[in-house]
Amino acid sequence: MTPVEWAVLAFVLGAALATALLRDVLASIIAFAAYSLGIAVVWLLLRAPDVGLTEAAVGAGVTTVLFLLTIAKTVRPAGDDLFIDVDLTAVGVSGLLVAALATTLSALPPVGSSSTPVATSRVSNYYLENAYTETGVENAVTAVLAAYRGFDTLGEAVVVFAALIGLLVVLDRGVLA
């Protein structure tokens with residue numbers, strides 16, 4: 001890993017810990033927004049800018065606004081403690097889970113490697129060879145999303161639409177009436 005990647009990883013871990021441990025809800029929401037922006041940068045480093053932009057818009061943007069609107073309707077808990085009390089059993093279980101997941105990291109191919117299973121699979125090659133002629137679309141990504149994975153994309157659109165309806169209900173807007 002490069003120094004930039006280590007710095008981003010440390011930032012994301014610090015923001016995640018702050019989100020979990022801060023007692024003040026507003027400070028925790030700000031830490032969560034910072035965490036989401038850090039994850040967006042991680043996606044950019046992993047060469048997935050579309051996912052990074054989505055994470056920045058939804059994770060850091062829309063989610064933060066929804067959290068802020070929610071706490072505006074709640075009462076601040078009493079007490080001056082900056083951090084919450086930590087359940088050491090939960091920390092231990094979480095640490096074991098992270099350690100178990102970390103053992104799989106060595107099995108992953110390097111980022112951007114031309115020998116990854118995705119780059120060499122029959123499905124990827126099929127899409128690249130036939131997407132333009134079978135769909136008539138000039139962009140392979142659009143062909144995969146709209147034609148080959150049309151039902152999946154439709155399901156994602158339904159989820160986004162349902163989230164929009166939920167947002168309008170939370171904001172108490174009657175634009176659909």
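**An all-helix fold in a predicted model**

The protein has eight helices and zero strands (DSSP runs, H or I of at least four residues for helices and E of at least two for strands, numbered from the N terminus). This is a predicted model, in which local features need pLDDT of at least 70 and side-chain atom pairs pLDDT 80 or more, while totals for chains, interfaces and linings use all residues. Residues are numbered from 1 along each chain as its sequence is written, and side-chain values use heavy atoms, without hydrogens and water.

The radius of gyration, taken over C-alpha atoms, is 21 Å. The globule rule (2.2 Å times the number of residues to the power 0.38) gives 16 Å for 177 residues, so the protein is more spread out than a compact globule. Its C-alpha atoms fill a box of roughly 65 × 55 × 30 Å along the principal axes. Of the 177 residues, 14% are buried, that is, under 20% relative accessible area with a 1.4 Å probe and protein chains only.

Helix H2 covers residues 25-45 and reaches 30 Å from its first C-alpha to its last, close to the 30 Å expected at 1.5 Å times one less than its number of residues. Its buried residues include Ile-29, Ala-33, Gly-38 and Ile-39. The buried residues of H2 pack against H1 and helix H3 (49-72), where contact means heavy atoms within 4.5 Å. Just after H2, Arg-47 takes a positive phi of about 65°.

Leu-9 lies in helix H1 (residues 3-21). Leu-9 is partly exposed (between the 20% limit for buried and the 50% limit for exposed), with a relative accessible area of 35%.
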